Amino acid sequence: MTMKKIIVTTFFTLCFVLTSYSQDTTKANYEEELKMTIVFENAKRKNSYDIIRLYLTNQSKTDKYKIIMPGDGSESAWREPYIYFTADFKDENVKWKKLEKLGSLRCGLFDAEWQKDTITVNPAQKIQIYEMASENIIRFFNISSSGTIRLTAHYDYKQGQHAKEIPKDYKEVIEQENFENIPSFVLTSDTIEINIKK
């Protein structure tokens, strides 16, 4: 093969790689290529908390994805993304049943500027996106006896549409920028089981 042919072949190969790497990603791409996992970690010291962590892995070998990292207020859907948990429960005598989620009270302050929390997840990259003491998650479910809880995590991004009932000043901050370049998408994690003692 001549040097000219080698150069031309290399050029077209490089163009194909760059096109694949920088292509626009859709909701379907996000939900197919991004995988969320949930991990429970026991406290290693006395007077410390068991921790639940969420990780996000980009399974694509070529495409990178922009996402919004969760922040203060994500658990209440006051800002993007909405991070929430669903749960099933069983004790020694009954089958798995869905748990009712209890309401919660919190202060009115939160991190409204979710736009600044945009990051890029590169091909094959795995990052931690969320961390919370497990008791702060479990206590929002109606559990009256000892047993096992099965937790599933959800990441729900709606381009700023989640925040509905917040102060006007915060709405102005949230709506100041257009984030249509990141499509709305939802991720659901695998499940973990945690033993509960009452």
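Buried residues, meaning those under 20% relative accessible area with a 1.4 Å probe and protein chains only, make up 36% of the 198 residues in this chain. We're working with a predicted model, where local features need pLDDT of at least 70, side-chain atom pairs count only at pLDDT 80 or more, and totals for chains, interfaces and linings use all residues. Numbering starts from 1 along each chain as its sequence is written, and side-chain values use heavy atoms, with hydrogens and water left out.

**Exercise 1. Work out which secondary-structure elements the chain has, and in what pattern.**

Step 1: Take helices as DSSP runs of H or I with at least four residues, and strands as runs of E with at least two, both numbered from the N terminus.

Step 2: That gives four helices and nine strands.

Step 3: Going along the sequence, you'd write α-α-β-β-β-β-β-β-β-α-β-α-β.

**Exercise 2. Find the strand order in the four-stranded sheet, and explain why β5 and β9 each have a side without a neighbour.**

Step 1: Call two strands paired if DSSP finds at least two bridges between them.

Step 2: The order comes out as β5-β4-β8-β9, in an open sheet with antiparallel pairing.

Step 3: β5 (97-98) and β9 (185-196) sit at the edges with a single partner strand each, so one side of each lacks a neighbour in the sheet.

Step 4: Now look at β4 (residues 82-90) and β8 (residues 147-157): nine bridges join this antiparallel pair. Starting from F85, you land on A153 in β8 as the bridge partner.

**Exercise 3. Do the same for the three-stranded sheet.**

Step 1: This open sheet runs β1-β2-β7, again with antiparallel pairing.

Step 2: Its edge strands, β1 (34-41) and β7 (126-133), each pair on one side only.

Step 3: β1 and β2 (residues 51-58) are antiparallel and share eight bridges; in β2, N58 is the bridge partner of L34.

**Exercise 4. Decide whether S60 is buried or exposed, then list its surroundings.**

Step 1: Place S60 first: you'll find this residue in the loop between β2 and β3 (65-68).

Step 2: Its relative accessibility is 4%, so S60 counts as buried.

Step 3: For contacts, use heavy atoms within 4.5 Å. Leaving out residues up to four places away in sequence, S60 touches E33, Y65, P123 and A124.

Step 4: Check the side chain too: that of S60 reaches the backbone nitrogen of D63 at 2.8 Å.

**Exercise 5. Say how much of the contact set joins residues at least 24 apart.**

Solution: Take the chain's contacts between residues at least 6 apart in sequence; 79% of them join residues at least 24 apart.

Methods. Buried means under 20% relative accessible area, exposed over 50%, partly exposed in between (1.4 Å probe, protein chains only). A polar contact is a pair of N or O atoms within 3.5 Å; within protein, one must be able to donate a hydrogen and the other to accept it, and residues adjacent in sequence count only if both atoms are side-chain atoms.
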